[in-house]
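Please look over the chain shown below. A short report on its helices, its cores and one unusual backbone angle follows.

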Amino acid sequence: MTDSRITLEKLGEDNYGTWSIRMRRLLVLKGCGATIRPDYARPPAGEGAAAPPVDELDEKALSYIVAYVSDEHVATVDEARSALKAWQVLEDMYRAKGVARKLHLLQDINDLRKGSDEAITQYVSRAKCIQRPPSRGPPPRQRDICKAL
């Protein structure tokens with residue numbers, strides 16, 4: 001029998017790119033991936049309801065997100081009150097902003113080196129994570145990535 005536990009590194013200062021990909025897939029695997037999409041249809045409030053109904057799927061997704069962020073992010077994410085809002089807050093925190101973020105990405109590219117015992121697939125995967133910034137902004141130019149490699 002295989003071990004079905006999933007291990008996912010907590011979100012820290014420098015792993016948002018890979019964390020967001022893995023967290024999105026984990027939420028899909030657990031049946032609550034739709035909750036972080038803007039078009040997710042939340043349950044409507046009933047007639048005369050004093051409070052909106054609890055969306056158990058959204059609560060489940062938010063719980064996974066809170067469980068897999070480092071301590072400095074827990075309060076911020078927990079305040080979000082929905083998985084989508086928590087996802088957006090984290091995305092905004094790590095979104096490429098201006099010249100400083102672009103310079104940081106270029107520095108990451110320049111510092112990229114293949115370890116002597118590192119498989120080429122691992123090296124290329126690390127390069128792709130740099131290429132895929134955690135935002136909707138433009139990625140680093142292909143020629144900058146090739147120059148660094």
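Does H1 pass H2 in a right-handed or a left-handed crossing? The crossing of H1 and H2 is right-handed. The model behind this answer is a predicted one.

## Overall make-up

The chain holds seven helices and zero strands. Read from the N terminus, its elements run α-α-α-α-α-α-α.

Of its 149 residues, 34% count as buried. The chain exposes about 10,000 Å². Carbon and sulfur atoms supply 53% of that area. Take the contacts between residues at least 6 apart in sequence: 55% of them join residues at least 24 apart.

## The H1–H2 pair

Two packed helices are described by the angle between their axes and the distance between the axes. For H1 and H2, the axes come within 11 Å. They cross at roughly 145°.

Which residues meet here? H1 brings Trp19, Met23, Leu26 and Leu27. H2 brings Ala61, Tyr64 and Ile65. By class, this contact has seven nonpolar residues, with no polar and no charged ones.

## Two nonpolar cores

The largest nonpolar core has 21 residues. Within this core, Trp19, Met23, Ile65 and Leu90 touch the most other members. Three elements give two or more residues to the core: helix H1 (16–29), helix H2 (56–67) and helix H4 (83–94). Another core lies apart from this one and has five residues. Among them are Leu112, Tyr123, Ala127 and Ile130.

Met23 links several themes. It is one of the H1 residues that meet H2, and it is among the core members that touch the most others. What does Met23 contact, leaving aside its neighbours within four places in sequence? The partners are Leu8, Tyr64, Ile65, Tyr68 and Trp87. Of these, Tyr64 and Ile65 are in H2.

## Arg81

Arg81 sits in the loop between helix H3 (71–78) and H4. Its phi is positive, about 70°, although Arg81 is not a glycine. Most residues other than glycine have a negative phi.

Is Arg81 buried or exposed? Its relative accessibility is 63%, so Arg81 counts as exposed. The cut-off for exposed is over 50%.

## In brief

The chain has seven helices and zero strands. H1 and H2 cross at roughly 145°, through a contact of seven nonpolar residues. Both helices are among the elements that give two or more residues to the largest nonpolar core. Arg81, with its positive phi, lies in the loop between H3 and H4.

Notes
Residues numbered from 1 in each chain as written. Predicted model: local features only at pLDDT ≥ 70, side-chain atom pairs only at ≥ 80, totals over all residues. Heavy atoms only, no water. Core = buried A, V, L, I, M, F, W, Y, C linked by side-chain atoms within 4.5 Å. Buried < 20%, exposed > 50% of the residue type's maximum accessible area, 1.4 Å probe, protein only. Helix = DSSP H or I, 4+ residues; strand = E, 2+ residues; numbered from the N terminus. Contact = heavy atoms within 4.5 Å. Areas by Shrake-Rupley, 256 points an atom, 1.4 Å probe, with all protein chains shown as cover. Axes fitted to C-alpha atoms, helices over the stretch in contact; angles between N-to-C directions. Left-handed = near helix turned anticlockwise from the far one by under 90°. Nonpolar A, V, L, I, M, F, W, Y, C, P; charged D, E, K, R; others polar.
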